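Student: Could you walk me through how the pieces of this protein fit together? I'd like to start with what counts as a contact.

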Amino acid sequence: MSRILSALAATALIGTTALVSGALPAAAEGLKIGFLATLSGPPAVLGEHMRDGFLLAVKEGGGKLGGIETDVIVVDDELKPDAALTKVQGLIERDKVDMLAGVVFSNVMMAVYKPIIESETIFVGANAGPSPIAGKGCSKYFFSAAYQNDQNHEVMGRYAAQKGYEKVVVMAPNYQAGKDAIAGFKRHYTGKIVEEIYTKLGQLDFSAELAKISEEKPDALFTFMPGGMGVNLVKQYDQAGLKESVPFLSTFTVDETTLPATKDMGVGLYSGAEWAADLDTPANKKFVASFEATYGYAPSLYAAQGYDAAQLIAGAVAMVGNASDKAALIQALESAPFDSVRGDFSFNTNHFPVQDFYLVQAVKSGDKYTTSIVEKVFDDFGDAYAGSCKM
């Protein structure tokens with residue numbers, strides 16, 4: 001039994017989250033993957049979803065991806081760029097991984113990206129898609145199985161414009177993904193931004209910001225606050241009485257990672273996303289059922305992206321027949337040889353997806369809180385930076 005399957009079996013027995021760590025030697029013909037995720041602190045739930053989705057695909061393959069015995073070494077980046085860099089160097093130099101995958105936060109991605117591609121290690125991203133690496137900083141060694149950062153936020157910019165909101169406050173953490181979020185929203189929003197608020201990454205008290213929003217009396221708020229930040233913001237927004245007076249538009253703030261904590265306070269709120277649990281594709285129905293049966297909780301888009309990242313790798317490895325021919329693997333990855341839970345999926349010239357994007361709404365079904373598709377906003381949508389990518 002592979003080390004992953006052993007960890008999953010232990011998790012099922014003791015009911016806790018097991019981390020796959022250490023460095024057991026893989027067989028020469030095997031596949032060794034270093035998986036980097038934020039697994040500690042308030043945002044840990046994002047990394048847990050992403051990791052669990054990835055490992056589910058390996059479990060379904062009987063411990064293999066693309067028919068090759070697969071060893072996944074999961075490490076916690078701690079949401080600390082310096083720590084992430086050290087751990088990535090260990091995965092490449094000590095553990096001799098064939099490829100790397102994962103990464104939730106863009107500040108971590110920006111820290112580890114250059115060393116990874118300079119080492120000519122293939123990197124399959126499962127969440128963070130900062131604009132610098134989608135444009136002039138692109139690399140043939142990097143593939144995103146998620147999205148480019150701006151895109152889900154563009155959904156909400158288009159929605160706010162269509163709703164006729166004439167003045168909006170925008171708010172996001174002050175790091176690369178936060179800047180990309182606001183840039184994406186602005187790209188399709190046609191009204192006036194009356195206040196642009198950048199908070200500290202990891203901030204949990206929004207009383208000052210909510211007072212400012214209340215004072216501005218905007219037609220809507222657009223925000224990006226992932227993980228514990230989103231949980232606290234939604235709760236404080238509701239407690240301040242703003243939910244009924246100022247529409248709350250968000251991305252990565254109200255989803256399956258935060259709704260178990262916000263519950264009814266999050267119900268009814270709108271978000272932009274490229275995936276939801278009720279997306280009507282055969283692959284997605286199978287994934288959602290399998291994920292819930294394996295882990296006992298509802299998957300989020302982070303889980304779906306982790307699952308797709310593993311399936312992408314599996315498809316490419318199956319085409320090539322081994323993990324050692326990098327040139328052949330890159331060519332195989334470019335063809336997106338897998339059945340995405342999202343349906344239509346292909347790669348743009350910068351190795352970021354071309355896919356559909358949706359307006360979704362938080363709903364309650366029985367005792368379960370999830371997001372549900374309201375409407376498709378963009379069809380076969382590529383990012384704004386691909387034209388600047390020269391590989």
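Tutor: Contact here means heavy atoms within 4.5 Å. Please keep in mind that this is a predicted model.

Student: Okay, so which residues in H12 meet which ones in H13?

Tutor: On the H12 side they are Leu-312, Ile-313, Ala-316, Val-317, Met-319 and Val-320, and these meet Ala-328, Leu-329, Ala-332 and Leu-333 in H13. Sorted by class, the contact of H12 with H13 has 10 nonpolar residues, with no polar and no charged ones.

Student: And at what angle do H12 and H13 pack?

Tutor: Helix H12, residues 301-320, and helix H13, residues 326-334, pack at an angle of about 125°, and their axes are 8 Å apart. Angles over 145 degrees count as roughly antiparallel and 65 to 115 as roughly perpendicular, so H12 and H13 are oblique to each other.

Student: Switching to strands, what is the order in the open sheet?

Tutor: The open sheet is formed by 6 strands in the order E2-E3-E1-E4-E5-E6, and the pairing is mixed. Strands E2 (64-65) and E6 (142-144) stand at the edges with a single partner strand each, so one side of each has no neighbour in the sheet.

Student: How many bridges join E1 and E3?

Tutor: Strand E1, residues 31-37, pairs with strand E3, residues 68-76, in the parallel sense over 7 bridges, and the bridge partner of Lys-32 in E3 is Asp-71.

Student: Which helix lies across E1 and E3?

Tutor: Helix H3, residues 81-93, lies across E1, E3 and strand E4 (99-102), and H3 runs at about 155° to E3.

Methods
Residues are numbered from 1 along each chain as its sequence is written. This is a predicted model: local features need pLDDT of at least 70, side-chain atom pairs count only at pLDDT 80 or more; totals for chains, interfaces and linings use all residues. Side-chain values use heavy atoms; hydrogens and water are left out. Axes are lines fitted to C-alpha atoms, for helices over the stretch in contact, and angles run from 0 to 180 degrees between N-to-C directions. Helices (H or I, at least four residues) and strands (E, at least two) are DSSP runs, numbered from the N terminus. Angles under 35 degrees count as roughly parallel, over 145 as roughly antiparallel, 65 to 115 as roughly perpendicular and the rest as oblique. Ala, Val, Leu, Ile, Met, Phe, Trp, Tyr, Cys and Pro count as nonpolar, Asp, Glu, Lys and Arg as charged, and the others, Gly among them, as polar. Two strands pair if DSSP finds at least two bridges between them.
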